[in-house]
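This report describes strand pairing and selected turn residues in a single protein model. The sequence and structure are shown first, and the account follows.

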Amino acid sequence: MSADLHHLAAAYALDALDDIERQEFEHHYPSCDICSTEVAEFRAVANALATSVATEPPAGLKLSVMSEISQTRQQSPLATSSTAAKPSLGFSRRILLAAAAALVLLGGVIVATLPGSNSDPTTEIVDSLDAVVTRLDPLTGLDGDLQITWSDERDLVLVIGSRLDDPGVDKAYALWFLGDDGVAPAGLFRPEDGSVSEVLDIDDIDTNGWGITIEPAEGSAQPTTEVIYAGTI
């Protein structure tokens, strides 16, 4: 196995691999503690940045971030020490700082909540060790983007979407659990200007995927329209 395979975690988490690389990495990383941990951390960072707020950087932020990066030694994922086998919380913080530095160089900064800071539902999900990210594919020619981040331990899901159609008057998007025994409602949401970033409290139900339909604003016990987005875990 090529050592380069261990360096694809970030690109995989950002869906930036070609089909061959993705297949090779997906065959490898579930059995590699280092890579599976890095995939989870990079996905958490991506979610934190996607749900953060753009603002003007305070004076001195660029200098402090670049100073931190210059003092951070990047360790090979193939190292055999116990510290390398389990990436630390400090490593996750440095990833966020590096991302912030790149944005500062482009003239702005993203304010992302770091692990350990004041908690909110979005941060709870992103920081959850059991967080599972699922990208939903459009099934009916739509071009919107939807992503679900689920924490079974916390019974929360984070719905992030863009370029979504208006569901219509007195209508809402409905998220469904997809299980072996059928479907169950997970919650409702309405995009604003085509975008959504919303946390839903869900029941303690196992799922192997998610589906989206358009339903009455008050919800329904079962889907009444065709599934327009879906994704499996």
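In this predicted model, Thr 134 stands opposite Ile 148 in S4. The strands concerned are S3 (residues 132–138) and S4, which run antiparallel and are joined by five bridges. Six residues lie between the two strands of this hairpin, and Gly 141 takes a positive phi near 80° there.

S4 (145–151) is followed by a loop that leads to strand S5 (156–162). Of the seven residues of S4, five are buried, and the strand is therefore described as mostly covered. S4 also pairs with S5 in the antiparallel sense, over seven bridges. Within this pairing, Ser 151 stands opposite Leu 156 in S5. S4 and S5 form a hairpin with four residues between them.

**The sheet as a whole**

These strands belong to an open sheet of eight strands with antiparallel pairing, in the order S7-S6-S9-S10-S3-S4-S5-S8. Its edges are formed by strand S7 (182–189) and strand S8 (196–201), each of which pairs on one side only. Neighbouring strands of the sheet are turned against each other by 25° on average, with direction ignored.

Elsewhere in the sheet, S6 pairs with strand S9 (residues 209–216) in the antiparallel sense, and seven bridges connect them. In this pairing, Ala 174 stands opposite Thr 213 in S9.

**Aspartates with positive phi**

Two aspartates in loops between strands have positive phi values. Asp 155 lies in the loop between S4 and S5, and its phi is near 55°, a positive value in a residue other than glycine. Asp 170 is found in the loop between S5 and strand S6 (171–179); its phi is likewise positive, at about 60°, although the residue is not a glycine.

| Residue | Phi | Relative accessibility |
|---|---|---|
| Asp 155 | near 55° | 22%, partly exposed |
| Asp 170 | about 60° | 60%, exposed |

Are these aspartates buried or exposed? Asp 155 has a relative accessibility of 22% and so counts as partly exposed, since buried means under 20% and exposed means over 50%. Asp 170 counts as exposed because its relative accessibility is 60%.

How values were computed
Residues numbered from 1 in each chain as written. Predicted model: local features only at pLDDT ≥ 70, side-chain atom pairs only at ≥ 80, totals over all residues. Heavy atoms only, no water. Buried < 20%, exposed > 50% of the residue type's maximum accessible area, 1.4 Å probe, protein only. Pairing = 2+ DSSP bridges. Axes fitted to C-alpha atoms, helices over the stretch in contact; angles between N-to-C directions.
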